[in-house]
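Biologist: Please take a close look at the interior of this model, both its packing and the empty space left within it. I would like one connected account, with the cut-offs stated as they come up.

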Amino acid sequence: MRSLIDIQELTTSEIEELIAVSEDIIAHPEKFSQKCAGKKLATLFFEPSTRTRLSFEAAMYELGGNVIGFSEGASSSSAKGESVVDTVKTVSCYADIIAMRHHKEGAPLVASLKAGIPLINAGDGGHNHPTQTLADLFTIKKEKGGFENLVIGLCGDLKFGRTVHSLISALSRYENIKFVLISPEELAIPDYIKEEILKKKNIEYTEVSEMQDVMPELDILYMTRVQKERFFNEADYIRLRDSYILNNEKLLNAKKDLSILHPLPRVNEIAVEVDADPRACYFKQVLNGKYIRMALILKLLEVEV
Ligand code: CP
């Protein structure tokens, strides 16, 4: 029995296998429509979500399975003081697999050790978001054909943005990758990512505060929202929230084949006018997220494909 808490738990060949199954699902949905008949997914979301929760639910329905769960901790017995471990031990009596989002870093890991059924980390605080990374990787594969020889700009809240942490972790295994880390000083990438991943693996990276200067060299621009919910001080959030706003003018000196990604939700960091640019990939990412979560559910439930 296997859970997924951190993207590093998947080997490179397992990521490739998930992408291949996702492509097969897109090409032949009928082959997969009853693969999870009789199985139940529990979505335990202690933090708000649109894409992750609903894509997990859509994924399970499209595999012929069913879904139970809650979309806020306040509507579960955690509001009465029940621990996360007791919650998952209870849910494992009703479901076959769990997708859990929690505001506390490490909560899905602790829960997975006691759940008795596979548990997927659907985002834990400012730490990790491995299934968003799978959606990002699938999108990069489709847009760029692979993961090597890319210059990847990561822009915005690199301190609290868990999707950025997981994506760096995943891409760091590929050859000739360069990261351009674009953020205000207060929202710079945490030191542990630099020390334990970038420096340890000898990966080239630069840290800058201006997006315009580096735009021409980027193959991928991964925009992120400033994570209001992780700030202790509202004044700091208001000061930093509009640090970067991507618009058509700022894209004038970008590569013609740039891919613009964003895990969403966006607030102000990408102007709506950019949506019409063929380089905008963020709504494709949303759809890719459903297919790769279908592939992941099949893998963790050990369903023959
Ligand atoms: N990308 C992402 O995690 O979106 P949600 O918060 O809407 O799930």
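Modeller: Two residues are in contact when they have heavy atoms within 4.5 Å of each other. The model is predicted, so local features need pLDDT of at least 70 and side-chain atom pairs count only at pLDDT 80 or more, while totals for chains, interfaces and linings use all residues. Residues are numbered from 1 along each chain as its sequence is written, and side-chain values use heavy atoms, with hydrogens and water left out.

With that contact rule, and leaving out residues up to four places away in sequence, Phe-179 touches Ile-152, Leu-154, Ile-168, Leu-171, Leu-198, Ile-203, Glu-204, Tyr-205 and Thr-206. Phe-179 is also one of the residues with the most contacts inside the largest nonpolar core, a group that it shares with Leu-134, Leu-154, Ile-168 and Leu-171. Such a core is a set of buried Ala, Val, Leu, Ile, Met, Phe, Trp, Tyr and Cys residues joined through side-chain atoms within 4.5 Å, where buried means under 20% relative accessible area, exposed over 50% and partly exposed in between (1.4 Å probe, protein chains only). This core counts 59 residues in total, and its largest share, 8 residues, is given by helix α11, residues 282-300 (helices, H or I, of at least four residues and strands, E, of at least two are DSSP runs numbered from the N terminus). Both domain 1 (7-129 + 289-300) and domain 2 (130-285) give residues to this core, so it lies between them. Separate from it is a second core of 21 residues, which includes Cys-155, Met-211, Val-214 and Leu-264.

The protein chain is divided into these two domains, 7-129 + 289-300 for domain 1 and 130-285 for domain 2, with bounds from an automatic or database domain assignment. Taken over C-alpha atoms, the centres of domain 1 and domain 2 are 25 Å apart, and their contact takes 30 residues from domain 1 and 28 residues from domain 2.

The empty space comes next. On a 1 Å grid over the protein atoms alone, a cavity is a set of points where a 1.4 Å probe fits but cannot get out, a pocket is an open set with protein on both sides within 12 Å along at least five of seven lines, and lining residues have an atom within 4 Å of a point. Points join across faces, edges and corners, and a volume is the space filled by probe spheres set on them.

The structure holds 2 cavities of 30 Å³ or more. The largest cavity has a volume of about 60 Å³ and is lined by Arg-51, Gln-132, Ala-135, His-262, Pro-263, Tyr-282, Gln-285, Val-286, Gly-289 and Arg-293. Helix α11, already named for its share of the largest core, supplies 5 residues of this lining, the largest share, and α6 (130-144) likewise supplies at least two. Because domain 1 and domain 2 both give residues to the lining of the largest cavity, this cavity lies between them. The second largest cavity, with a volume of about 30 Å³, is lined by Gly-156, Thr-224, Val-226, Arg-241, Ser-243, Tyr-244 and Glu-269.

Among the pockets, the largest contains about 370 Å³ of space. It is lined by 20 residues, of which Arg-101, Arg-162, Arg-225, Leu-264 and Pro-265 are the closest to its centre, and α3 (51-62) and α7 (162-171) are the elements that give two or more residues to its lining. Leu-264 thus appears both here and in the second nonpolar core. The lining of the largest pocket draws at least three residues from each of domain 1 and domain 2.

The second largest pocket has a volume of about 170 Å³, and its lining consists of Asp-6, Gln-8, His-127, Asn-128, His-165, Ser-169, Tyr-192, Ile-193, Glu-196 and Ile-197. Helices α7 and α8 (191-199) each supply at least two of these residues, with α8 giving the most, 4 residues. Since domain 1 and domain 2 both contribute to the lining of the second largest pocket, this pocket lies between them. The boundary of the two domains is therefore where the largest core, the largest cavity and the second largest pocket are placed.
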